[in-house]
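Please describe the fold of the protein shown here for a reader at the bench, with attention to how its sheet is built and what packs around it.

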Amino acid sequence: MENTIIRVLIEEEISEIYQKYFLKDFPPEEQKPLELILQRCREKTYICYGLFENTTLVAYAFFACGKNHNSILMDYLAVCANQRSKGYGGTFLKKLTCQMPNNYDGILFEVESGLTAKSEKELENCKRRMSFYLKNGLHLTKISVSLYGVDLVVMYLQIKKDRTQEKLYEDLENIYQYLYTKEQREEKVRIRFNSEIQLAEELKNLY
């Protein structure tokens, strides 16, 4: 995949990807309105990247970045439907670590833990996703999030340098201030620290 590059997407490209891929790639309840995404890009609290093979889009990722720009949060990541099972997901993550601007220390990921999975299929999808991220250099933090009733663990992919658990927690809180309204944060978002033992206990029966 020597001919792959990543670059920031312009508004016209974001709009086209949203209509052509995004609406099919993510469940309706997880989709942010296009105008909100574009507005946040203009406010510089959101940034969108595409992975291209020559000139063909093969994957895309949308990030929330808050204002301190120490860490950014992966909000959406998808490989285009006709390009899946070709290794582009792993390639995208590797490219991000070496081609994103140096003002970011790393990327935060919210990953479903499987603890609130409603079926065996959902649980298997959680396991597969977690395995993919671990294989591609992410590591588990001690932070977990309850987001609209879904239990998530927070993972971190280092770009420039590692950060302490406390700093990652602060980064996530800062990003959430721009990603969610005050009412949403109070009613639907819960962030907590876990001890390593506690986290291992919660996940040991799943992985």
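## A strand covered on both faces

In this predicted model, strand β2 is covered on both faces, with Tyr46, Cys48, Gly50 and Phe52 buried on one side and Ile47, Tyr49, Leu51 and Glu53 buried on the other. Buried here means under 20% relative accessible area, while exposed means over 50% and partly exposed lies in between, with a 1.4 Å probe and protein chains only. Because 8 of the 8 residues of β2 are buried, the strand is largely enclosed by the rest of the structure.

This is a predicted model in which local features need pLDDT of at least 70 and side-chain atom pairs count only at pLDDT 80 or more, whereas totals for chains, interfaces and linings use all residues. Residues are numbered from 1 along each chain as its sequence is written, and side-chain values use heavy atoms, with hydrogens and water left out.

## The sheet

An open sheet of mixed pairing is formed by 8 strands in the order β1-β2-β3-β4-β5-β7-β6-β8. At its edges stand β1 (4–8) and β8 (189–193), each with a single partner strand, so one side of each is left without a neighbour in the sheet. From one strand to the next, the twist averages 30°. Helices (H or I, at least four residues) and strands (E, at least two) are DSSP runs numbered from the N terminus, and two strands pair if DSSP finds at least two bridges between them.

Three of the pairings are set out below.

| Strands | Sense | Bridges | One residue pair |
|---|---|---|---|
| β1 and β2 | antiparallel | 5 bridges | Thr4 opposite Glu53 |
| β2 and β3 | antiparallel | 8 bridges | Gly50 with Tyr60 |
| β5 and β7 | antiparallel | 7 bridges | Gly106 with Gln158 |

A hairpin with 2 residues between its strands joins β2 and β3, and Asn54 in the turn has a positive phi of about 55°.

## Helices and cores

Helix α1 (residues 11–25) lies across β1, β2 (46–53), β3 (56–64) and β4 (71–79), running at about 90° to β3. Helix α3 (residues 88–99) lies across β1, β2, β3, β4, β5 and β7, at about 60° to β1. Such angles run from 0 to 180 degrees between N-to-C directions, along axes fitted to C-alpha atoms, for helices over the stretch in contact. Among the buried residues of α3 are Tyr88, Phe92, Leu93 and Lys95.

A nonpolar core is a set of buried Ala, Val, Leu, Ile, Met, Phe, Trp, Tyr and Cys residues joined through side-chain atoms within 4.5 Å. The largest has 37 residues, and those with the most contacts inside it are Ile14, Tyr46, Tyr60 and Phe62. Helix α5 gives the most to this core, with 6 residues. A second, separate core of 28 residues includes Ile6, Ala61, Ile72 and Met100.

Contact means heavy atoms within 4.5 Å. Not counting residues up to four places away in sequence, Phe62 touches residues including Ile14, Phe22, Tyr46 and Leu73. Ser144 lies in strand β6 and is buried, with a relative accessible area of 2%; with the same sequence neighbours left out, Ser144 touches Leu152, Val153, Arg190, Ile191, Arg192 and Asn194.

## Confidence

The predictor's confidence in each residue is given as pLDDT, from 0 to 100. Its mean over the protein chain is 88, and 91% of the residues reach 70 or more. Confidence is lowest in helix α7 (residues 196–203), at a mean of 54, and highest in α1, at 97.
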